[in-house]
Amino acid sequence: MKKAVQYLKKYGIKPLLIKGLDKVYQRGFDYSSFYEKQKAGEETLQSQREASLSLVPLISILVPVYDAPNKYLEEMLKSVENQSYENWELCIANGNPGNKENKSIIEKFTDHRIRVVELEENKGISENTNHALSMAQGEFIGLLDHDDVLAPNALFEYVKLLNEDPSLDMIYSDEDKIKEMDEEHFLPNFKPEFNLDLLRSNNYITHFLVVRRELALKVGGFHSDYDGAQDHDFLFRCIENTNKIKHIDKVLYHWRVHENSTADNPYSKTYAYDSGVKAISDHLTRWGDAGKVSKTNNPGFYHIDYEKKGNPKVLALVKGDFSYFKSHTDYDNVTFCSRKEVRDKDCEFMVFLEEGMVIKDSKWLDKLVASGMRRDVGMVGVKLVDRKGRYQHAGIFAGEGDVKYIFQGMPRILTGYMHRGDLFSEVSAVSLKGALIKKQAFDLTGGFLKGLSEEERSVDLAFRIREQGYRIVYNSDVMIQRKKGLPDFSETSKEKLSKIHKERMKKRDPYYYYNPKEA
């Protein structure tokens with residue numbers, strides 16, 4: 001109730017109601033029971049302890065401690081001691097040695113792998129973490145909060161992945177939260193593989209992050225200018241220096257919920273969200289993308305208005321009459337024509353429209369072009385909705401032989417799992433309906449394949465554009481209403497795409513979270 005009142009005061013009644021409806025819409029999955037069934041049992045942990053691994057890197061777990069709740073500090077320490085993988089060290093930087101209870105709890109743990117430095121004064125989360133980093137001797141570092149818990153198989157799963165691919169520089173896992181009163185696990189965060197646009201919208205990676213120590217030192221560790229969002233800033237500086245990033249789709253980190261934690265009360269550290277804006281803004285500058293970053297109604301989630309540089313020429317290919325689009329598009333350098341009339345016309349971008357679409361914002365094309373102008377983006381999709389106020393499309397899921405529209409049928413006023421209906425995100429594919437395509441990327445693919453339906457072409461073309469080194473992005477800012485429904489992909493279409501893109505369609509969709517409820 002306290003959190004609801006705080007949210008109401010800050011954002012008003014309508015956003016509060018939408019937030020509540022979002023939670024109701026996503027009910028129906030007994031995660032706590034699921035977690036108990038899938039967590040590593042003693043037999044599994046014992047086999048991990050006895051496993052023979054070619055690579056057994058030392059992992060240095062960094063924990064800045066400052067007035068931690070005593071019970072949770074002890075449970076954090078136990079969770080590290082209980083790891084099935086044994087080549088670790090715990091580097092603790094205690095920011096308040098005057099807290100006798102915290103100090104006494106730490107001293108109870110006599111394992112030689114636990115190393116502690118008592119700081120003369122609290123220097124803030126970033127500098128305290130840097131002190132822990134300076135103690136680290138491992139090839140990799142892991143980031144653990146003083147009141148959170150690692151699953152007992154966490155480190156083993158990371159090292160197992162490193163044995164499969166020793167070149168990796170960064171690894172992260174799924175996570176959940178633990179209730180303060182009854183220790184129940186809830187609110188899982190199932191994550192996709194690395195997704196740049198999603199990371200710019202929200203620090204979805206968070207925990208448990210393991211990074212090659214050489215990389216952590218190269219980027220300068222943690223910067224106190226970003227305290228509260230120092231992990232987000234650290235992530236950006238790391239991903240700007242490596243693309244060797246991998247996700248483990250197992251819940252290996254448990255975020256403790258209590259009154260003073262952001263897990264339970266996102267308003268306990270409101271300064272963190274200003275730091276988040278700064279972290280994203282500075283990353284955009286370093287990356288060479290211009291845009292204005294702002295906070296959203298959901299704490300910890302952000303929006304970027306990308307800057308459109310110049311006025312690139314756009315060719316709008318319309319199925320049917322295009323007079324409506326001319327009068328509802330405030331963009332100077334655009335030529336509208338029937339799809340039947342186009343013959344290799346000169347342009348930098350193409351956008352695909354059809355008669356009957358309803359445009360909600362005359363600046364829609366500016367927003368699409370601003371997204372599409374980014375150097376590594378080849379195709380940008382829009383939020384499609386129907387006349388009844390339901391999502392038709394927020395990108396396309398494609399993997400493991402299945403193809404479907406993300407959030408199809410969900411009420412438009414909702415934002416979906418982890419608010420992803422309202423976030424920019426990289427996706428496997430987008431519908432051609434309303435999509436913007438970079439002409440250079442289109443030409444490199446050789447154009448559309450014959451013998452495919454429009455929606456089959458959407459997926460096929462997106463896959464081939466990605467093969468040319470471009471990314472496919474869902475732009476949640478641009479909403480187009482359609483009169484016609486968007487039918488599900490038929491089994492015939494799925495089989496056809498699986499035949500054309502056999503290896504890709506065998507794999508999980510790397511840009512979509514794995515949700516056991518849907519599986």
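**Tour: strand S6 and a pocket**

Select S6 and S9: these strands pair in the parallel sense over 9 bridges. Strands are DSSP runs of E of at least two residues, helices are runs of H or I of at least four, both numbered from the N terminus, and two strands pair if DSSP finds at least two bridges between them. The model is predicted, so local features need pLDDT of at least 70 and side-chain atom pairs count only at pLDDT 80 or more, while totals for chains, interfaces and linings use all residues. Residues are numbered from 1 along each chain as its sequence is written, and side-chain values use heavy atoms, without hydrogens and water.

Next, pick Glu175, which stands opposite Tyr253 in S9. The bridge partner of Glu175 in S7 is Asn189. S7 (residues 185-189) runs antiparallel to S6, joined by 3 bridges. Then go to the turn of the S6 and S7 hairpin, which has 6 residues between the strands; Glu183 there has a positive phi of about 65°.

Select S8 (residues 210-212), joined to S6 by 2 bridges and antiparallel to S6. Met170 stands opposite Val211 in S8.

Now show S6 whole, residues 170-178: 9 of the 9 residues are buried (under 20% relative accessible area, 1.4 Å probe, protein chains only), so S6 is largely enclosed by the rest of the structure.

Finally, turn to the lining of the second largest pocket. S9 gives the largest share of this lining, 4 residues. The lining divides into 16 nonpolar (Ala, Val, Leu, Ile, Met, Phe, Trp, Tyr, Cys and Pro), 19 charged (Asp, Glu, Lys and Arg) and 6 polar residues (the others, Gly among them). A pocket is an open set of points on a 1 Å grid over the protein atoms alone, where a 1.4 Å probe fits, with protein on both sides within 12 Å along at least five of seven lines; lining residues have an atom within 4 Å of a point.

How values were computed
Buried means under 20% relative accessible area, exposed over 50%, partly exposed in between (1.4 Å probe, protein chains only).
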